[in-house]
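Here are some exercises to work through with the model open beside you. Try each task before you read its solution.

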Amino acid sequence: MSILAIDAGTTGVTAVVVTPDGRIQAKGYQEFRQHFPQPGWVEHSAEDIWQATIEATREVLEKVDSSELTAIGITNQRETIVLWDRETLGSPRRAIVWQDRRTADICDRLRADGHEDRVAELTGLRLDPYFSGTKLMWLAEHEPHTWALVESGRYAVGTVDSYLISRMTRGTWHVTDVSNACRTLLFDLEAGDWSDELCELFGVPRDALPELVPNWGEVAPTEPSVFLGLALPIAGIAGDQQSALFGQTCFEEGESKCTYGTGSFILTNTGSAVVRSDAGLLSTAAWRSPYGAMTYALEGAIFVTGSAVQWLRDGLQIVGNAAETAAIAQTVEDSDGVVFVPALTGLGAPHWDPHARGMIIGITRGTTRAHIVRATLEAIAFEVRDVLETLPGLTTLRVDGGASANDLLCQLQADQVGRAVERPEIVETTALGAAFLAGLGTGVWESTDDLRDTWALDRRFEPAGDRGALDASYARWSDAVERSKGWAD
């Protein structure tokens with residue numbers, strides 16, 4: 001009665017097996033290569049994502065009896081766009097990743113032509129390279145031969161979940177859910193369906209897009225000959241951040257979570273209503289039940305947090321791994337005036353500046369790697385505070401994701417936002433949410449009340465420190481953010 005959950009993230013694929021009591025029984029992981037063809041561009045090989053999925057799943061199957069598996073749940077990096085041949089399932093080009101900034105000029109052009117208000121009204125989003133629609137416009141304009149095969153019906157268009165389901169079913173199914181569809185700029189949030197008006201604006205043939213299915217319930221069976229001998233129903237689908245909201249059991253209006261992954265994402269459940277924000281937050285679909293009931297959320301999307309730590313490791317090479325950062329940062333009392341704005345792929349919520357670039361300021365002869373590492377952790381806490389400042393009334397923040405295992409980061413976060421931070425025993429809540437959806441869709445759990453019973457607190461971090469000093473450090477951060485804006489213009 002266990003569930004296999006696959007979390008196709010930005011830097012790798014995680015596979016976990018979740019038991020009926022909500023425990024993670026086994027885990028596999030496979031990283032894949034990042035491609036940076038030009039400054040601000042980020043791409044992934046679709047084949048690499050598929051092979052990482054196979055390898056992570058194979059690793060986890062070595063630790064469990066596959067006959068005990070009931071269903072599969074899938075969660076994924078959301079706004080990344082994939083093209084693939086409907087017959088061969090090969091991809092004609094690398095996927096354009098959600099972090100990619102190449103469409104900033106297209107966004108500026110659409111904005112200048114007066115489209116932003118209508119796009120925001122229909123989608124709950126804004127014109128930013130983050131979202132998929134402008135990526136597809138770029139492909140049509142810059143790779144017309146490839147795009148002609150999209151228009152002819154030979155190539156399918158989809159997010160990573162759609163691509164993986166197509167591969168798992170040997171090309172039989174081309175589907176997605178509302179939590180992924182609503183991030184494409186092609187989805188009417190109120191209507192809950194693809195928008196002909198938006199497809200026309202962005203020049204995307206609607207027939208190329210996947211069919212919309214509920215977030216839980218049996219969707220499609222896997223083909224054993226292509227997926228490690230597994231013949232299981234795919235019964236849960238959600239974009240990674242909505243999946244984490246579900247995994248944190250934030251089922252009621254007003255309940256919120258923050259996931260620390262490649263980026264950080266704060267989501268607040270807004271119930272059955274589309275709530276609009278004037279403060280840079282996004283209105284988004286959270287999930288849709290098999291009965292058609294929609295649940296919505298407000299989201300603050302921060303593009304670079306965990307990937308800033310990855311940059312310390314791979315780019316600057318001043319840490320060996322992410323786990324070292326807390327120990328290194330604790331060798332100094334503070335950042336000694338150093339501020340790091342990790343706008344490595346522009347700024348997301350609440351600033352929304354694709355032309356911003358990363359900046360480290362306040363360096364002196366006394367600056368050490370420990371100060372830069374601490375400034376990086378502080379930057380993550382500052383970025384989350386930027387978003388939470390727009391959400392009055394929040395009393396407690398539930399956190400998850402890999403970086404939430406860092407006690408120093410959680411304490412810095414509680415100190416900065418002046419609210420308690422709660423970390424669950426299981427911080428892999430993105431994968432957990434996918435498992436919950438699949439299990440709910442196949443009867444492993446009967447209701448969301450059953451899912452709530454599985455949530456357990458690991459540690460609660462209470463805010464501490466001098467409020468005046470904390471606010472002064474935040475003011476210094478805000479000044480640095482303003483200095484980083486518009487740099488790529």
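A salt bridge here is a side-chain nitrogen of Lys or Arg within 4 Å of a carboxyl oxygen of Asp or Glu. Keep in mind that this is a predicted model.

**Exercise 1. A long-range pair**

Task: Decide whether Glu255 and Arg452 form a salt bridge, and work out which parts of the chain they tie together.

Solution:
- Start with the distance: the closest N and O atoms of Glu255 and Arg452 are 3.1 Å apart, and the pair does form a salt bridge.
- Next, find where each one sits. Glu255 is in the loop between helix H9 (240–247) and strand E15 (256–260), while Arg452 belongs to helix H15 (residues 448–452), so the contact ties together parts that are 197 residues apart in sequence.
- Finally, check the surroundings. Buried means under 20% relative accessible area and exposed means over 50%, with partly exposed in between. Glu255, with 25%, is therefore partly exposed, and so is Arg452, with 26%.

**Exercise 2. A pair between two strands**

Task: Find out whether Arg398 and Glu422 are buried or exposed, and where in the chain they lie.

Solution:
- The two side chains, Arg398 and Glu422, meet in a salt bridge at 3.8 Å, N to O.
- Arg398 lies in strand E21 (residues 396–400) and Glu422 in strand E22 (residues 420–424); they are 24 residues apart, and the pair links distant parts of the chain.
- Arg398 has a relative accessible area of 19%, so it counts as buried. Glu422 is at 13%, so it is buried too.

**Exercise 3. A pair within one helix**

Task: Explain how Arg111 and Asp108 are placed in helix H2 (residues 104–112).

Solution:
- Both residues, Arg111 and Asp108, are in H2, three residues apart, or about one turn of the helix.
- Now the general rule: an α-helix has 3.6 residues a turn, so residues three or four places apart point the same way.
- The side chains of Arg111 and Asp108 meet in a salt bridge of 3.0 Å, N to O.
- Arg111 comes out as partly exposed, at 32% relative accessibility; Asp108 is partly exposed as well, with 32%.

To put these pairs in context, the structure holds 40 salt bridges. Some are linked up: Glu43, Arg93, Arg94, Asp100, Arg102 and Glu143 make a network of them.

**Exercise 4. Walk across a sheet**

Task: Trace the six-stranded open sheet, then find what packs on it.

Solution:
- Read the strand order as E3-E2-E1-E5-E14-E13, with mixed pairing.
- Strand E3 (24–31) and strand E13 (216–221) are the edges, each pairing on one side only. From one strand to the next, the twist averages 25°.
- Helix H1 (residues 46–61) packs on the sheet and touches E1, E2, E3 and strand E5 (69–76); its direction makes about 150° with that of E3.
- Helix H6 (residues 160–168) lies across E1, E5 and strand E14 (233–239), at about 145° to E5.
- Zoom in on one pairing: strand E1 (residues 2–8) and strand E2 (residues 12–18) run antiparallel and are joined by six bridges. Leu4, for one, has Val17 in E2 as its bridge partner.

**Exercise 5. Check a helix length**

Task: Test whether helix H12 (residues 369–388) spans what its 20 residues should.

Solution:
- At 1.5 Å a residue, H12 should span 28 Å; its end C-alpha atoms are 29 Å apart, which agrees.
- As for cover, 19 of the 20 residues in H12 are buried.

Technical notes: Residues are numbered from 1 along each chain as its sequence is written. This is a predicted model: local features need pLDDT of at least 70, side-chain atom pairs count only at pLDDT 80 or more; totals for chains, interfaces and linings use all residues. Side-chain values use heavy atoms; hydrogens and water are left out. Two strands pair if DSSP finds at least two bridges between them. Helices (H or I, at least four residues) and strands (E, at least two) are DSSP runs, numbered from the N terminus. Axes are lines fitted to C-alpha atoms, for helices over the stretch in contact, and angles run from 0 to 180 degrees between N-to-C directions. Contact means heavy atoms within 4.5 Å. The expected span of a helix is 1.5 Å times one less than its number of residues. Buried means under 20% relative accessible area, exposed over 50%, partly exposed in between (1.4 Å probe, protein chains only).
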